[in-house]
Amino acid sequence: MIQAFHPGRLTALAERHDCVLLVTRLVGDYVPPGAVVVEVHGGTSAPEPQQVTGLIAFGSERTIEQDPAFALRVLVDIAIRALSPAVNDPTTAVQVLNQIESFLHTVGRAGLRDRYVLGDRHGTPRLVVQGRDWEDYLQLAVTEIREYGTPSVQICRRLRSLLEGLLTALPPGTLPAVRTELALLREAVEREYPDPARRALARTPDPQGIGARHRPDAD
């Protein structure tokens, strides 16, 4: 498992060998024996493999130091455990969604990309690393909670409130993915609630799940 890597030293190593290092895997990925983690492109000489791997931390478990997706994964796991039939605690899942919403507002403003190119002191590209973009984080945050939580009116309402809040607060480039998740939530509610009254209840956004739905302003 890749736990972290040292971008500054990897960039300096590539500069010394006048090459470009391409990290082929994400922090948090499992690396099977013999797999390629870093590719060397160009250069007058190739760095020793030990020099490269010595700048990458491997371990048996993911950590959150360079892997914020793992922190989000833990939150989602808590929520879906709370939604399991054995526990049946949607209120805990709603509390977790509060934290997930805060996380998404921060990540949505960060301008994340799925690929980063780092240069040396002269601006020459030396290190290419893979990244998670906004859509990756959004899908991780809501997909399983939607799949496990649709039978709960409380979860449907809280999820819709979360997604509609993102629509009003985040930069335009992030919004198509949010609209996609809203459409998936609507479809899930349509399938789960054939009765019009219950369906209308489940489709009402509510930041508390049940008990604080938004009402139109008084005239």
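Here are three short exercises with worked solutions on the model above.

This is a predicted model, where local features need pLDDT of at least 70, side-chain atom pairs count only at pLDDT 80 or more, and totals for chains, interfaces and linings use all residues. Residues are numbered from 1 along each chain as its sequence is written, and side-chain values use heavy atoms, with hydrogens and water left out.

**Exercise 1.** Work out where Ser152 sits and what it touches.

Step 1: Look for Ser152 in the loop between helix H5 (134-149) and helix H6 (153-169). Helices here are DSSP runs of H or I with at least four residues, strands are E runs of at least two, and both are numbered from the N terminus.

Step 2: Ser152 counts as buried because its relative accessibility is 16%; buried means under 20% relative accessible area, exposed over 50%, and partly exposed in between (1.4 Å probe, protein chains only).

Step 3: Skip the neighbours within four places in sequence, and Ser152 is in contact (heavy atoms within 4.5 Å) with Pro90 and Tyr193.

Step 4: Now try Glu192, 40 residues away along the chain: its C-alpha atom is 9.6 Å from that of Ser152.

**Exercise 2.** Do the same for His17: is it buried or exposed?

Step 1: His17 lies in the loop between helix H1 (7-16) and strand E2 (20-23).

Step 2: His17 is buried, since its relative accessibility is 14%.

Step 3: Beyond four places in sequence, His17 has contacts that include Gly43, Pro47 and Gln51.

**Exercise 3.** How many disulfides does the whole structure hold?

Step 1: A disulfide is a pair of cysteine sulfur atoms within 2.5 Å.

Step 2: Searching the whole structure gives 0 disulfides.

Step 3: Check two cysteines for burial: Cys19 is buried at 1% relative accessible area, and Cys156 is buried at 1% relative accessibility.
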